[in-house]
Amino acid sequence: MSSKIIYAWVPGLPHLLKPELNPHYAELAGACKVLAEDFKRQNVKRILYYSTQWLSVLGQSVQMRPEVKGRHVDENWYDFASLDFNFKTDTALAAKLIDESRDMGLQVRAVDYDGFPVDTGTIVANRLINPDNLPTAMYSCCVYSDYAETIKIGSLAKKASETLDGVTAVVVVSGLSGRYFTTEIDWREDHIRDPKDDEWNKKFLAALNEGNWSAVKNMKADYCQAAKVDMGLKALAFLEGAGACVSGRSMKTRAYGSVYGTGAAVMFGSI
Amino acid sequence: MSTSQKSSGKILSGWLAPHPPHLVYGENPPQNEPKSRGGWEGLRFAYDSCRKSMKTLKPDVIIVHSPHWQTVVGHHVLCVPKLSGLSVDPIFPHLFRYHFSMEVDCELSRVIHDEGRALGLTMKKMENPEFRVDYGTIVTLHMMNPDWDIPVVAISANNSPYFYDDDVAQEEFLKLGTATQKAIEKTGRRAVLAASCTLSHLHFAKEPNPELPEDMSREHVMSQSQYEWDMKVIEMLRRGDLDSYFKCLPAFMKETFAEVKAGSLTWMLAAMGVPKIPAKFHGYGSVIGTGNAVMEWDLGAGGLK
């Protein structure tokens with residue numbers, strides 16, 4: 001048996017499913033599709049999602065329903081985001097995630113309910129990067145797990161993935177700077193709301209591109225505070241725990257742009 | 001009823017009507033799939049007087065402002081005549097999987113939308129018939145009127161105070177209240193308002209007893225200081241001392257992460273014209289440590305015009 005993990009970071013806003021609205025959306029969506037081709041080339045067997053839009057409050061949650069399907073209407077973007085979904089859960093990976101979480105002393109809940117509202121981010125990501133409907137697993141983003149605990153969660157995800165044969169893609173679904181517009185805008189004029197956020201995002205992405213993990217570590221707190229980064233960069237913490245942020249590895253930017261004023265990027269871990 | 005019946009509209013009462021899904025779970029109504037051995041009776045029974053009041057007043061509409069329909073761009077109102085479906089709480093799916101069916105007063109929704117815009121607010125009508133109504137809206141409405149025989153309007157909570165800063169959008173909630181009041185008056189509705197929020201909102205980070213969520217031996221206030229804050233605020237509201245309430249609001253939000261930050265209570269008080277009348281206290285209880293009170297502003301037989 002041999003196992004391997006590859007890594008990616010994708011945005012999860014439904015605007016990416018409307019590439020005709022803005023060139024940024026088209027570029028980001030296009031990069032996600034290239035990612036899907038990379039997955040195919042790498043013979044990916046399953047995708048493990050960690051989305052900062054699937055929040056849990058009392059401990060951790062892991063999707064355990066073998067087939068998760070339905071239609072999700074986004075609570076903000078309901079006028080263009082009625083999203084059909086049909087996930088086939090890799091129940092072996094989900095069970096391992098639960099076991100490893102318990103071994104780590106975390107309170108964890110297996111989610112297996114008809115009508116459970118899968119978050120917009122995971123659905124959008126899955127539509128773009130998983131055209132062959134590979135099996136998936138989903139781990140929630142616990143509001144009360146801090147950065148350090150989220151690294152541990154990433155490490156248990158790595159451990160769980162490594163017990164399975166074949167390639168697992170660990171995909172975090174998250175944004176960068178989080179300063180969205182609070183009024184209606186013309187989609188065509190969407191841009192990073194604050195130029196300083198744009199600078200910060202680019203600085204952060206440059207460090208990830210170089211695999212300069214000490215620079216990333218040094219800028220993390222300031223970046224989060226200055227640019228109101230999505231969920232305090234828990235997505236990075238998860239990747240770090242899962243083994244993406246080690247010497248010799250990097251996260252290469254495939255596309256960068258704005259979605260309703262926020263920063264968004266598609267990144268692929270170097271192999 | 002149509003907008004031609006001008007000037008007869010009035011707000012009959014306003015309710016602080018918290019929405020922990022545990023309350024529906026504890027009651028075991030047929031609409032909710034999970035079943036319990038009870039729990040949180042102190043709060044659940046506090047809603048009895050509200051239910052009686054709905055039967056007596058027979059309002060045309062209940063309007064609820066819910067912190068769990070969070071919108072990033074402005075304030076949204078449900079605007080589909082009939083909404084139904086299964087609402088599974090993403091946070092507490094083991095407690096709340098509720099089959100809802102509600103009639104929405106779309107005419108009133110549209111006028112609230114228009115009045116809000118006239119006051120400079122960003123407003124939006126939610127017209128997607130497949131929309132899954134949030135559990136905050138459903139729990140509050142169920143606890144107030146489990147028969148669901150009164151049309152409703154639901155208003156989203158703009159999440160700018162959470163994302164940017166506590167005081168951001170508080171002015172907007174006041175304007176939203178004014179817009180709601182004007183819309184009620186214009187459409188001639190006899191309305192009851194509901195602010196669907198807890199008071200103190202710091203809570204446990206783990207479920208105290210995952211095997212038995214309704215284990216009341218494990219339920220308690222999060223902290224003494226949080227409890228004291230809640231009592232201080234309840235006392236002010238009971239006295240009708242809204243000046244003191246608004247004065248201490250920033251500190252209350254900061255120190256207890258009070259859910260009133262979402263704007264529900266500010267909206268409701270503004271809609272009622274910031275009435276300095278004693279609010280009636282019906283009950284208080286903790287749910288996973290949060291502080292919840294059921295309180296009523298009875299605007300009198302004549303209502304507030």
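Mentor: Before we start, note that two strands pair if DSSP finds at least two bridges between them, and keep in mind that this is a predicted model.

Trainee: With which strand does E1(B) pair in the antiparallel sense?

Mentor: Strand E1 of chain B covers residues 10-16, and 7 of its 7 residues are buried. One of its pairings is parallel, running over 6 bridges to E8(B), with Lys10(B) standing opposite Arg190(B). The other sense is found over 4 bridges, which is above the two that pairing needs, and there Leu16(B) faces Met295(B). The antiparallel partner, made up of residues 290-298, is therefore strand E10(B).

Trainee: Which residue in the turn of the hairpin formed by E9(B) and E10(B) has a positive phi?

Mentor: Strand E9 of chain B, residues 280-287, is joined to E10(B) by 7 bridges in the antiparallel sense, and Val287(B) has Thr290(B) as its bridge partner. The hairpin leaves 2 residues between the strands. Most residues other than glycine have a negative phi. Against that background, the turn residue whose phi is positive, at about 40 degrees, is Ile288(B).

Trainee: How many residues of strand E2(B) are buried, and what does that say about the strand?

Mentor: Strand E2 of chain B takes in residues 61-71 and is joined to E8(B), residues 190-195, by 5 parallel bridges, with Ile63(B) opposite Leu193(B). It also pairs in the parallel sense with E7(B), residues 152-158, over 7 bridges, where Ser66(B) has Ser156(B) as its bridge partner. A residue counts as buried under 20% relative accessible area. By that cut-off E2(B) is largely enclosed by the rest of the structure, because among its 11 residues the number buried is 9.

Trainee: What radius of gyration does chain B have, and how does it stand against a compact globule?

Mentor: Chain B holds 10 helices and 10 strands, and along the principal axes its C-alpha atoms fill a box of roughly 55 × 40 × 40 Å. Of its 305 residues, 64% are buried, and its exposed area of about 10900 Å² is supplied to 52% by carbon and sulfur atoms. A compact globule with 305 residues would have a radius near 19 Å, and the chain agrees with this at 18 Å.

Trainee: What is the corresponding radius for chain A, with its 271 residues?

Mentor: Chain A has 7 helices and 10 strands, its C-alpha trace spans about 50 × 40 × 40 Å along the principal axes, and 59% of the 271 residues are buried. Among contacts between residues at least 6 apart in sequence, 81% join residues at least 24 apart. For this number of residues a compact globule would have a radius of gyration near 18 Å, and chain A agrees with a value of 17 Å.

Trainee: Within what arc do the buried residues of H4(A) fall, seen down the helix axis?

Mentor: Helix H4 of chain A, residues 147-162, has 16 residues and reaches 23 Å from its first C-alpha to its last, close to the 22 Å expected. Its buried residues include Tyr147(A), Thr150(A), Ile153(A), Gly154(A) and Ala157(A). An α-helix has 3.6 residues a turn, so residues three or four places apart point the same way. The buried residues of H4(A) accordingly line one face of the helix, falling within an arc of 165 degrees.

Trainee: Is Lys228(A) buried or partly exposed, and at what relative accessible area?

Mentor: Lys228(A) lies in the loop between helix H6 (213-227) and helix H7 (234-242) of chain A, and has a positive phi of about 50 degrees although it is not a glycine. Asn133(A) also has a positive phi, near 50 degrees, and sits in the loop between helix H3 (120-129) and strand E7 (136-142) of chain A; at 23% relative accessibility Asn133(A) counts as partly exposed. Since buried means under 20% relative accessible area and exposed means over 50%, Lys228(A) is partly exposed, its value being 24%.

Terms used: Residues are numbered from 1 along each chain as its sequence is written. Chains are lettered from A and ligands numbered from 1 in the order in which they are written. This is a predicted model: local features need pLDDT of at least 70, side-chain atom pairs count only at pLDDT 80 or more; totals for chains, interfaces and linings use all residues. Side-chain values use heavy atoms; hydrogens and water are left out. The expected span of a helix is 1.5 Å times one less than its number of residues. Buried means under 20% relative accessible area, exposed over 50%, partly exposed in between (1.4 Å probe, protein chains only). The arc is that of the directions from the helix axis to the C-beta atoms. The radius of gyration is taken over C-alpha atoms; the globule rule is 2.2 Å times the number of residues to the power 0.38. Contact means heavy atoms within 4.5 Å. Accessible areas come from the Shrake-Rupley method with a 1.4 Å probe; for residues, only the protein chains shown count as cover.
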